[in-house]
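Q: Hi! I have a protein on my screen and would like to walk through it with you. Could we start with the ligand and then look at some single residues?

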Amino acid sequence: MEIIIKPTVAEAQQETAKIMRRQIQRKPETVLGLATGSTPIGVYSLLVGMHEKGELDFSKVSTFNLDEYVGLDAKHPWSYRAFMEAHLFGKVNIEKSRIHFPDGMATDIPAHCANYEADIRRAGGIDLQLLGIGREGHIGFNEPSSSLASRTRIKTLTPQTVKDNARFFGGEELVPRHVITMGVGTIMETRHCLLLATGEGKAEAVARMAEGAITADLPASILQMHPVCTLVVDAAAAKELKRCEYYHWVYDNKPDWQRV
Ligand code: GLP
């Protein structure tokens, strides 16, 4: 795992956006895996800025989002689909037909999840998956105890995640209890995982994920087994990492051709 520590949130967001820009510039028909939550908002706004400056063309890009709340339709203001529309899709030249999302209103959820997996395969697999991390170490909505081989399916949120996401809903009681999420196994099949974590609240999860034992108790820890995984953190989220000096050393000595 490559661990990039940036002093500020803004610099961590910039590094992440640059990695995504490089991917799309190298392969215009890139298949992106996208994440929601507050962490990637700044990255999306940088990507929109790059698009406006003419540096980024999304016309051939396809996207698959990680997750969606069960019971919310695409137009619901709190749905992740609406979130993506507001922060990225509505602001760049992405083709609507290339946007893929779990359907929170699916009547046959297992069949819908199987189709989602099939759509990912049909698109040729995900080239670059943007990820955040929950305070309890979830990726997507793969909460602790998720099978590390899981596929897209329904999950029940932990009380902690309900609490953490209540700010988007205006109260814990309004947060749906169920979600559809890509599985840990689905995420592990993407060619490059790019996880951004910022703020002190993520420091423990980040340290356990990168330096702790691989365990379903912290699903993000499986990323230690991913052949191409980049973790970008700000100084606050890096606070509990033991080998910070070494990670800085590696970054400072990176060959030019590996830099973004
Ligand atoms: C959310 C999403 C995740 C996200 C995580 C962290 O609930 N399902 O994809 O990475 O929790 O969210 P935030 O960035 O708001 O801390």
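A: Happy to help; we can begin with the ligand and then visit residues in loops and helices. Keep in mind that this is a predicted model.

Q: Good to know. Where does the ligand sit?
A: You will find the ligand in the largest pocket.

Q: Which residues come nearest to the ligand?
A: There are 14 residues around the ligand, and those that come nearest are Ser 38, Thr 39, Asp 67, Arg 167 and Lys 202.

Q: And how does that shell divide into nonpolar, polar and charged residues?
A: The shell around the ligand has three nonpolar residues, eight polar ones and three charged ones.

Q: Let's zoom in. What lies 2.9 Å from a nitrogen atom of the ligand?
A: That is a polar atom in the side chain of Asp 67. On the oxygen side, a side-chain N or O atom of Lys 202 is 2.6 Å from an oxygen atom of the ligand.

Q: Which residue uses a backbone atom instead?
A: Look at Ile 133: one of its backbone N or O atoms lies 3.5 Å from an oxygen atom of the ligand.

Q: How much of the ligand does the protein bury?
A: The protein buries 94% of the 390 Å² that the ligand exposes when taken alone.

Q: New topic: loops. Where is Ser 145?
A: Ser 145 is in the loop between strand 6, residues 128-131, and strand 7, residues 153-156.

Q: Is Ser 145 buried or exposed, and why?
A: Ser 145 counts as exposed because its relative accessibility is 59%, and the cut-off for exposed is over 50%.

Q: What about the phi angle of Ser 145?
A: Phi of Ser 145 is near 85°, which is a positive value in a residue other than glycine.

Q: Which loop holds Ile 139?
A: Ile 139 is in the loop between strand 6 and strand 7. Ile 139 is buried, since its relative accessible area is 0%.

Q: How far is Ile 139 from Pro 219 in space?
A: Their C-alpha atoms are separated by 6.8 Å, although Ile 139 and Pro 219 are 80 residues apart along the chain.

Q: Can you give me another pair like that? I have Ile 126 selected.
A: Sure! Ile 126 is in the loop between helix 4, residues 109-122, and strand 6. The C-alpha atoms of Ile 126 and Thr 30 are 7.9 Å apart, with their positions 96 residues apart along the chain counted as separation. Ile 126 counts as buried because its relative accessibility is 3%.

Q: On to helices. Where is Thr 16?
A: Thr 16 is in helix 1, which covers residues 9-26. With a relative accessible area of 0%, Thr 16 is buried.

Q: What lies 2.8 Å from a polar side-chain atom of Thr 16?
A: The backbone oxygen of Ala 12 does.

Q: One more helix residue: is Tyr 251 buried or exposed, and why?
A: Tyr 251 is buried because its relative accessible area is 16%, and the cut-off for buried is under 20%. Tyr 251 lies in helix 8, residues 244-252. From C-alpha to C-alpha, Tyr 251 and Thr 230 are 12 Å apart, and they are 21 residues apart in sequence.

Q: Last one: where is Gly 171?
A: Gly 171 is in the loop between helix 5, residues 159-169, and strand 8, residues 178-181. Gly 171 is buried, with a relative accessible area of 17%. The C-alpha atoms of Gly 171 and Trp 257 are separated by 48 Å, and these residues are 86 residues apart along the chain.

Definitions and conventions: Residues are numbered from 1 along each chain as its sequence is written. This is a predicted model: local features need pLDDT of at least 70, side-chain atom pairs count only at pLDDT 80 or more; totals for chains, interfaces and linings use all residues. Side-chain values use heavy atoms; hydrogens and water are left out. A residue is near a molecule or strand if one of its heavy atoms lies within 4 Å of it. A polar contact is a pair of N or O atoms within 3.5 Å; within protein, one must be able to donate a hydrogen and the other to accept it, and residues adjacent in sequence count only if both atoms are side-chain atoms. Accessible areas come from the Shrake-Rupley method with a 1.4 Å probe; for residues, only the protein chains shown count as cover. On a 1 Å grid over the protein atoms alone, a cavity is a set of points where a 1.4 Å probe fits but cannot get out, and a pocket is an open set with protein on both sides within 12 Å along at least five of seven lines; lining residues have an atom within 4 Å of a point. A molecule sits in a cavity or pocket if more than half of its atoms lie within 2 Å of its grid points. Ala, Val, Leu, Ile, Met, Phe, Trp, Tyr, Cys and Pro count as nonpolar, Asp, Glu, Lys and Arg as charged, and the others, Gly among them, as polar. Helices (H or I, at least four residues) and strands (E, at least two) are DSSP runs, numbered from the N terminus. Buried means under 20% relative accessible area, exposed over 50%, partly exposed in between (1.4 Å probe, protein chains only).
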